[in-house]
Amino acid sequence: MKERGTVLRHMLDRKIVAIARGIYAQECLSLAEALYRGGVDMLEVTFDQSSARAAEDTAGTLRLLNERLGDRMIFGAGTVTSPEMAEVAAAAGAAFIISPNTDQSVIARTRELELVSVPGAMTPTEIMNADKWGADIVKLFPSGVLGLDYIKAIRAPINHVKLMATGGVNVSNIKSFLDAGMVGVGVGGNLCSKKLVAEGRFEEIAALAAEYVAAIGG
């Protein structure tokens, strides 16, 4: 298991967390390999809340990814909304836990499991609560809808909390989010396109990943 502090430092240094939503097993492995070729080495595998197989699909995929690429990439779980889901992810080798919301019990369990905690928040109250309850980074969601003006406004009084922009991040605006004070970004469908994955166009995904890395000066 990767040490929590090492994972956190890596996230702050590399900045881009790709998000695989509804992509599992072999397809997710091929996606991860493509991302790595393009220079992106962190991937979030989400729980599908509408699926009865959510735990099985996410845990199985995390185990596969860690078995094949764990020495080169860092993998975590996303859309984690309960302590039990955090436990499932940890057992499968997740190094970080990302949520769409701020839930004190999830943050607490994530820290007990010695994983990096990244809950989602939108309002100043949610951001401050997440930080108070032990979040390592707070995911500002949905960043694209909230916009840069909102981010700059909340960063003025809340400049001590590490924020990650997620939702609506693309090649064109990724640098703007970082310049506005975000410590990193989460990128879903704009990078991990389900269409490209389904069509096996992994070299296009690798090229796109390289564009994101270049956009932040990596």
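Helices and strands here are DSSP runs, numbered from the N terminus. By that numbering, P142 sits in the loop between strand 7 and helix 7. The structure is a predicted model, and this loop is a handy place to start. The peptide bond that joins F141 to P142 is cis, with omega at about 0°.

Just past this loop comes helix 7, which covers residues 143-155. This helix is not straight: a kink of about 60° is centred on D149. The end-to-end distance tells a matching story. With 13 residues, a straight helix would reach 18 Å at 1.5 Å a residue, but the end C-alpha atoms of helix 7 are only 13 Å apart. Its buried residues are S143, G147, I151, I154 and R155. As a rule, an α-helix has 3.6 residues a turn, so residues three or four places apart point the same way. The buried residues of helix 7 pack against helix 6 (124-132), strand 7 (138-140), strand 8 (163-166) and helix 8 (174-179).

Two of those packing partners also pair with each other. Strand 7 and strand 8 run parallel and are joined by three bridges, and K139 has M164 of strand 8 as its bridge partner. Together, strand 7, helix 7 and strand 8 form a right-handed β-α-β unit. On its other pairing, strand 8 runs parallel to strand 9 (residues 184-187), again with three bridges; here A165 has V185 of strand 9 as its bridge partner. The chain gets from strand 8 to strand 9 by way of helix 8, in a β-α-β crossover that is right-handed.

What about the side chains of strand 8? In a regular strand, side chains alternate between the two faces of the sheet. Strand 8 has L163 and A165 pointing one way and M164 and T166 the other, and all of them are buried.

Strand 3 (residues 74-78) is another covered strand. Five of its five residues are buried, so strand 3 is largely enclosed by the rest of the structure. On one side are I74, G76 and G78, on the other F75 and A77, and both faces are covered. Strand 3 runs parallel to strand 2 (residues 42-46), and five bridges join the two. Within this pair, M42 is matched with I74 of strand 3. The link from strand 2 to strand 3 passes through helix 3 (residues 54-69), and this β-α-β crossover is right-handed.

T46 belongs to strand 2. Its relative accessibility is 1%, so T46 counts as buried. Setting aside neighbours within four places in sequence, T46 is in contact with I19, A20, R21, G22, Y24, T58, G78 and T79. One of these contacts, T79, is itself worth a look. T79 lies in the loop between strand 3 and helix 4 and has a positive phi of about 55°, although it is not a glycine. With a relative accessible area of 12%, T79 is buried.

Which other non-glycine residue has a positive phi, of about 65°? That is E114, which is found in the loop between helix 5 (104-112) and strand 5 (116-118). Unlike a buried residue, E114 is exposed, with a relative accessible area of 52%.

A90 is placed in helix 4 (residues 83-91). Beyond its neighbours within four places in sequence, A90 is in contact with L113 and L115. From A90 to R72 the count is 18 residues in sequence, and the C-alpha atoms are 18 Å apart in space.

As for the nonpolar interior, the largest core has 67 residues, and L35 and L43 touch the most other members. Helix 10 (residues 202-215) gives the most to this core, with seven residues. L35 makes contact with A18, V40, L43, L191, C192, I205 and A209, leaving aside its neighbours within four places in sequence. Another core lies apart from this one; it has 14 residues, among them A95, I137, M164 and V183.

Terms used. Residues numbered from 1 in each chain as written. Predicted model: local features only at pLDDT ≥ 70, side-chain atom pairs only at ≥ 80, totals over all residues. Heavy atoms only, no water. Core = buried A, V, L, I, M, F, W, Y, C linked by side-chain atoms within 4.5 Å. Buried < 20%, exposed > 50% of the residue type's maximum accessible area, 1.4 Å probe, protein only. Helix = DSSP H or I, 4+ residues; strand = E, 2+ residues; numbered from the N terminus. Contact = heavy atoms within 4.5 Å. Expected span 1.5 Å × (residues − 1). Bend = angle between axes of the 7 residues up to and from the residue. Pairing = 2+ DSSP bridges. Right-handed = clockwise from strand over helix to strand, strands pointing away.
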